[in-house]
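Subject: Handing over a structure

Hello,

Here is the structure I promised to pass on. Please open it next to this message; my notes follow below.

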Amino acid sequence: MTAGLAFGGALPASTAASAAGYELVEVAPGSVYSVVGPLLEAGGVVYFQGTSPSSPGGSWLFAFDPATGAVGPVGTTSSLGQVSGLRTDGAMLYFLSPAGGRNAIHVYDPVADAVAQYDWPADDAFPDELAILGADVYVVMQGDGLLHSVPRADPASAPGIAPTATTPLPKCADGTTDPASAAGDLHSAGGYVYYVQSCADILSDQLFRRAGPSAAEAVAFPASPPAATYAAAYGVLEHGGRTYFAAGAISGTQHLYSFVSGDLAQPTSDLGGLNPGRPTVFRGAVTWFMQDGAERRLYRSDDGLTATPIGTSAGTDLEGELGLAAWGDVLLFNGFPVVSPSDPIGTRTNYLYDAADAAIARIGPAGAIVPPFVTSTGDAYVTAFAALGADADSQHLYRLVRHVLPDTGFDPAGAAIAAAFLVLGAGLVWTARRRPRLTPRG
């Protein structure tokens with residue numbers, strides 16, 4: 001049997017049964033910082049809104065350089081507190097700060113390490129309401145509640161540029177009613193800036209979009225259903241020529257819809273409900289959570305017309321997910337183990353969904369205030385309480401590391417091949433034993 005055993009032992013182990021483990025590696029554990037705003041990347045450096053050791057209640061511009069592992073406030077912007085609405089066009093960083101007396105747009109150039117405020121009127125922009133589309137930066141002014149825009153500029157030219165109100169002003173879905181509130185939930189998707197404003201004709205928020213400072217329209221579709229069906233829209237995402245959004249004025253009635261991005265005359269596709277979360281693109285398809293009885297189920301849509309369940313929160317402690325981020329075949333997100341108004345926001349934790357086994361698992365301690373983030377180089381970062389939960393006052397960055405463990409599973413195909421060679425080896429030994437022995441002639 002020696003030949004068969006030796007050959008069988010040389011067969012490669014199956015990779016199909018390999019298991020993956022995940023580890024959180026704390027970034028700059030000896031540094032004093034706390035992440036309080038979403039992560040973004042410019043020039044290979046990760047930026048975020050963070051607290052300052054000298055004033056923990058505020059928020060400043062912080063930077064993390066993966067090349068050096070250093071985390072700290074951006075010194076050039078150290079006088080600009082209450083940073084909000086941090087965005088980037090890939091080169092410059094734009095954000096709001098009231099440090100100059102009014103909540104105004106500031107621009108920071110990481111290459112030149114320079115910052116400046118735009119020329120600003122005697123009015124404040126709403127905090128956190130900032131979006132970038134094409135050559136323009138958009139904010140919402142508190143005085144008139146309208147979108148205002150400035151052209152993207154560097155710190156050298158921004159001080160001479162003042163914001164301008166966008167025109168024309170769009171009508172509500174009925175084509176005649178004017179919006180009755182300030183714009184809100186400002187963000188860009190595809191080739192538009194999306195936002196909501198209250199409209200009396202549907203007794204709720206209506207979704208609007210702008211293709212530029214002088215092009216606006218209500219996102220309305222042919223009846224039926226009535227326009228009120230699409231009230232209180234959120235989570236707008238563009239993918240594959242279709243725009244996805246969730247809507248429904250009353251909790252328990254929200255569905256996820258999609259439509260052809262460039263043609264509002266076409267009807268929407270209803271991808272189902274109830275209470276869908278904000279979607280993301282994962283493994284080439286739009287993916288989101290949706291309520292199904294007492295659990296949250298994960299769905300995907302490849303075409304914007306139909307939805308397929310691919311996972312469930314059953315068997316986990318997940319009750320409500322928040323921001324989603326795709327990391328290869330793993331979907332990262334933060335969420336709540338318990339959804340309760342009495343629980344502090346620090347009870348948010350990180351989770352992952354692994355497409356290999358369609359399972360949701362919790363990773364790390366509590367304190368996941370901001371969504372996970374994946375850099376252009378493929379590194380994934382989450383936030384959690386410092387020292388892996390030992391310090392509940394500071395939320396640090398953690399890099400997510402995936403370890404592929406040796407295969408210990410059973411490979412039926414490999415076992416069958418090995419068994420065949422074992423049989424062959426046994427046959428050879430049996431044949432050798434049955435051969436007649438020759439008696440030497442003497």
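Contact here means heavy atoms within 4.5 Å. Keep in mind that this is a predicted model.

Start with valine 139. Neighbours within four places in sequence are set aside. Valine 139 is then in contact with Leu96, Ile105, Trp120, Ala125, Glu129, Leu130, Leu146, Leu147, His148 and Leu186.

Next, the core. The largest nonpolar core has 17 residues. Which of them touch the most other members? They are Tyr94, Ile105, Tyr118, Trp120, Leu130, Val137 and Val139. Several strands feed this core: β7 (93-97), β8 (104-109), β10 and β11 (136-141) each supply at least two residues. Another core lies apart from it, with 16 residues. Phe64, Ile369, Phe373 and Tyr381 are among them.

Now look at leucine 130. This residue sits in strand β10, which covers residues 125-133. Is leucine 130 buried or exposed? Its relative accessible area is 0%, so leucine 130 is buried; the cut-off for buried is under 20%. With neighbours within four places in sequence again left out, leucine 130 is in contact with Gly85, Arg87, Tyr94, Phe95, Leu96, Ile105, Val137, Tyr138, Val139 and Leu186. Take Phe95 from that list. Leucine 130 and phenylalanine 95 are 35 residues apart in sequence. In space, their C-alpha atoms are 7.4 Å apart.

On to the cysteines. How many disulfides does the count give? The count is one. Cysteine 172 and cysteine 199 form it, with 2.1 Å between their sulfur atoms. The torsion about their S-S bond is about -85°, so this disulfide is left-handed. Where do the two partners lie? Cysteine 172 is in the loop between β13 (164-165) and β14 (184-189). Cysteine 199 is in strand β15, residues 192-199. The pair therefore ties together parts that are 27 residues apart in sequence. Both cysteine 172 and cysteine 199 are buried.

Last, a hairpin. Strand β16 spans residues 204-212, and strand β17 spans residues 215-218. The two pair in the antiparallel sense, over four bridges. Two residues make the hairpin link from β16 to β17. One bridge to find on screen: phenylalanine 208 has alanine 218, in β17, as its partner.

If you have time for one stop, go to leucine 130. Leucine 130 is buried, and valine 139 is among its contacts.

Best wishes

Technical notes:
Residues numbered from 1 in each chain as written. Predicted model: local features only at pLDDT ≥ 70, side-chain atom pairs only at ≥ 80, totals over all residues. Heavy atoms only, no water. Disulfide = S-S within 2.5 Å. Buried < 20%, exposed > 50% of the residue type's maximum accessible area, 1.4 Å probe, protein only. Pairing = 2+ DSSP bridges. Core = buried A, V, L, I, M, F, W, Y, C linked by side-chain atoms within 4.5 Å.
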